[in-house]
Amino acid sequence: MKLNIAVLAGDGIGPEIVAQAQKVINAVATKFNHEISYTPALVGATAIDQVGDPYPEATHQICMDSDAVLFGAIGDPKFDNDPKAKVRPEQGLLAMRKKLGLYANIRPVATFPSLLDKSPLRKDIVEGADLLVVRELTGGIYFGEKGRSEDLKKAFDTCTYTTDEIERILKLAFAYAAKRNKRLTIVDKANVLATSRLWRETAQAMEPDYKDIEVDYMFVDNAAMQLIQWPKKFDVMVTENMFGDILSDEASVITGSLGLLPSASVGVHTSVFEPIHGSYPQAAGKNIANPVATVLSAAMLLESFDLLEEAELIRQAVNKSLEQGIVTEDISKEKPYKTSQVGDWLASYITG
Ligand SMILES: NC(=O)C1=CN([C@@H]2O[C@H](COP(=O)(O)OP(=O)(O)OC[C@H]3O[C@@H](n4cnc5c(N)ncnc54)[C@H](O)[C@@H]3O)[C@@H](O)[C@H]2O)C=CC1
Ligand SMILES: CC(C)CC(=O)C(=O)O
Ligand SMILES: [Mg+2]
């Protein structure tokens, strides 16, 4: 197969982790005879510094013209620590999601058998946990009207959802539940928020079309607790943008590190494959960040083109590396491997 992948490495650890995912894709391409080409493009703080725009039109065109996008991370402390900055790296990520129509972010969370003792949660709690967070990605408070009063003493962010937006993400979540264990948890704050009540009303209206799916509704505060108290009770969890953002970072604790969780952002135009974590600026340039989340995102990318054997081989390589202790310092303080060493090991396992 021929694939043209847009590569948006971004900021902080972005370039280091994306380079490992590319090594792994290249190894798979060699083994299975695929022709992969990459088109790099600017995003985030790097793009602001170079061209003054966190998601330049040229980058958008490259994404639109690609078969898929491999994304690293964006964000830089020089913006995080300047609340008055007019343009921010995160606007680039949000603009990309909006312009590419990426309304769903699929975040699988499953424990790795060899890492059960790496979670701060008890082994009997996390063993066998396997859930899917379906996060709405182009609506809600991240995209609503926001502003400051003239005297600067008041600020606001608005959370808006339409039934169309809710229906399309719920449809996808029901479909995932149908393919998995037929349980769907809809997470909201319907006891307080009007948008959540619209989510609940819309979901209730859809339920009769999915009679074989067991649906339950849970308030987000309760969900935050149950997720780490009884992670195994969840199959598919669907929720709005900000709740999904927060709950999926929380869910990474089940697996042992935020550096392990991949995601696929899908929707109208091309799809973007990205780790769930951010640019981890403290690690930038040190070759210590865990590349596994990005490598597993690459596996999701290949899977989206029905390259199932290829994706499975990447997952097998990752499992083997974890079993054999070829891991970065977030997993093993005693004998940490460098980011690039993990990438090299995975690539050579794949090519055999
Ligand atoms: N999708 C994206 O590009 C995202 C960007 N950000 C941005 O990233 C910057 C840093 O944000 P933070 O809140 O510190 O979140 P972060 O996800 O970058 O890091 C939080 C913590 O998670 C751990 N971690 C994250 N990625 C890791 C990896 N690959 N290997 C090992 N450990 C890892 C580290 O302990 C780190 O201190 C900010 O500018 C933020 O806006 C945050 C989240 C997502
Ligand atoms: C800038 C944020 C919206 C990014 C983030 O935290 C995420 O997508 O997980
Ligand atoms: Mg996040």
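**View 1. Residues under a UniProt "binding site" annotation.** In this predicted model, the "binding site" annotation of an unreviewed UniProt entry covers Arg97, Arg107, Arg135 and Asp221. These residues span 125 positions in sequence, and the farthest two C-alpha atoms are 26.5 Å apart, so the four do not all gather at one spot. The next two views take Arg97 and Arg107 in turn.

**View 2. Surroundings of arginine 97 in helix α5.** Arginine 97 is part of helix α5. Its C-beta atom has 21 other C-beta atoms within 10 Å, and the residue counts as buried because the cut-off for that class is 20 or more. When neighbours within four places in sequence are set aside, the contacts of arginine 97 are Leu102, Leu137, Thr138 and Ser265.

**View 3. Surroundings of arginine 107 in strand β4.** Strand β4, residues 104-110, contains arginine 107. Arginine 107 is buried, as 24 other C-beta atoms lie within 10 Å. Residues up to four places away in sequence not counted, arginine 107 touches Val133, Arg135, Ser248, Leu261, Ser263 and Ile276. Of these contacts, Arg135 also falls under the UniProt "binding site" annotation that covers arginine 107 itself.

**View 4. Aspartates 245 and 249 in helix α10.** A "binding site" annotation from the unreviewed UniProt entry covers Asp221, Asp245 and Asp249; Asp221 is also listed with Arg97, Arg107 and Arg135. Aspartate 245 sits in helix α10, which comprises residues 241-255, and aspartate 249 lies in helix α10 as well. Aspartate 245 has 19 other C-beta atoms within 10 Å and is partly exposed, because the buried class begins at 20 and the exposed class ends at 12. Aspartate 249 has 15 C-beta neighbours inside 10 Å and is likewise partly exposed. Beyond its neighbours within four places in sequence, aspartate 249 is in contact with Leu258 and Ile276. Ile276 is also touched by arginine 107.

**View 5. The shell around ligand 1.** There are 23 residues around ligand 1, and Gly75, Gly259, His277, Gly278 and Asn290 come nearest. Sorted by class, the shell holds 10 nonpolar, eight polar and five charged residues.

**View 6. The open sheet of 10 strands.** The strand order is β2-β1-β3-β12-β11-β4-β5-β10-β8-β9, and the pairing is mixed. At the edges stand β2 (35-40) and β9 (214-219), each with a single partner strand, so one side of each has no neighbour in the sheet. On average, neighbouring strands of this sheet are turned by 25° against each other, direction ignored. Strand β4, which carries arginine 107, stands between β11 and β5 in this order.

**View 7. Pairing of strands β1 and β2.** Strand β1, residues 2-10, runs parallel to β2 and is joined to it by six bridges. Lysine 2 stands opposite glutamate 35 of β2. Strand β2 is one of the two edge strands.

**View 8. Lysine 84 in the loop between α4 and α5.** Lysine 84 belongs to the loop that links α4 (77-80) with α5 (89-99). With 4 C-beta neighbours inside 10 Å, lysine 84 is exposed, because 12 or fewer places a residue in that class. Lysine 84 and glycine 343 are 259 residues apart in sequence, and their C-alpha atoms are 38 Å apart in space. Helix α5, at one end of this loop, is the helix that holds arginine 97.

Technical notes:
Residues are numbered from 1 along each chain as its sequence is written. Chains are lettered from A and ligands numbered from 1 in the order in which they are written. This is a predicted model: local features need pLDDT of at least 70, side-chain atom pairs count only at pLDDT 80 or more; totals for chains, interfaces and linings use all residues. A residue is near a molecule or strand if its C-beta atom, placed from the backbone, lies within 6 Å of it. Ala, Val, Leu, Ile, Met, Phe, Trp, Tyr, Cys and Pro count as nonpolar, Asp, Glu, Lys and Arg as charged, and the others, Gly among them, as polar. UniProt positions are given in the numbering used here, feature names are shortened, and annotations may be inferred rather than shown by experiment. Helices (H or I, at least four residues) and strands (E, at least two) are DSSP runs, numbered from the N terminus. Two residues are in contact if their C-beta atoms, placed from the backbone, lie within 7 Å. Two strands pair if DSSP finds at least two bridges between them. Axes are lines fitted to C-alpha atoms, for helices over the stretch in contact, and angles run from 0 to 180 degrees between N-to-C directions.
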